[in-house]
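Grab a pencil and work through these short exercises with the structure on your screen. Try each task yourself before reading its solution.

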Amino acid sequence: KKYILAHVDVNCRDRDCKSTPLHMAAKGNHIEVVETLLKHGADIRLQDVRPHLSLSLLNILHILNVFNFVLFVKEGETPLHEATDSNAIHVAELLIKKGAPLDVQDEMGWTALHNAAGCGDHPEIVSLLIGAGANRKLKTKLGKTALDLAVENEHELAEKLLRAALD
């Protein structure tokens, strides 16, 4: 394993989404793989690049409440976004400990906190991100804060944590 990692680019990207091995390991909640990749120089800040959707199409999808579709085609996600999408709490903790930027916004303006609050009711990750200093006031391109997304999607625990953090 050490020999292979010493002779490959750990920041290589796949053809379609330009995801790195770190993105895929974070998304799959593979903490040992994440640790190994980080140890061998994986760049924690790299963003993926996915097929582009126009803002007008995203507005239509928003109006129709098709957020789950939007989440699968957004580009610009970091490994921390991927971990929050998957509710991979231990991976998210490790990435934050290793210096993952908390407030990177993808093409739609979503941060890891938006993902944790809006994609699924992931209160442990919401709490982790708040405790690490994630900006709770950032808005998506559609003008939504993480709190707005938690309320819209009826994620009550995330909503309570975000409201308490604003007080």
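**Exercise 1. Find out how much surface the chain exposes and which atoms supply it.**

Step 1: Start with the total, which is about 8700 Å² for this predicted model.
Step 2: Now split it by atom type: carbon and sulfur supply 54% of that area.
Step 3: Turn to the residues. The chain has 167 of them, and 48% count as buried, where buried means under 20% relative accessible area.

**Exercise 2. Work out the fold pattern and how far apart in sequence the contacts reach.**

Step 1: Count the elements: you should get eleven helices and zero strands.
Step 2: Read along the sequence and you get α-α-α-α-α-α-α-α-α-α-α.
Step 3: Take the contacts with a separation of 6 or more; residues 24 or more positions apart account for 70% of them.

**Exercise 3. List the buried residues of helix H9 and say what they pack against.**

Step 1: Go to residues 123-132, which form H9.
Step 2: Pick out the buried ones: Pro123, Ile125, Val126, Leu128, Leu129 and Ile130.
Step 3: Look for their partners. These buried residues pack against H6 (79-85), H7 (89-97), H8 (112-118) and H11 (156-166).
Step 4: Peek just past the end of H9, where Gly133 has a positive phi of about 100°.

**Exercise 4. Decide how confident the predictor is.**

Step 1: Take the chain average: the mean pLDDT is 81, with 77% of residues at 70 or more.
Step 2: Check residues 66-72, where the pLDDT is below 50. Beyond near neighbours in sequence, this stretch has 13 contacts in the model.

Terms used. Residues numbered from 1 in each chain as written. Predicted model: local features only at pLDDT ≥ 70, side-chain atom pairs only at ≥ 80, totals over all residues. Heavy atoms only, no water. Buried < 20%, exposed > 50% of the residue type's maximum accessible area, 1.4 Å probe, protein only. Helix = DSSP H or I, 4+ residues; strand = E, 2+ residues; numbered from the N terminus. Contact = heavy atoms within 4.5 Å. pLDDT = per-residue confidence, 0-100. Areas by Shrake-Rupley, 256 points an atom, 1.4 Å probe, with all protein chains shown as cover.
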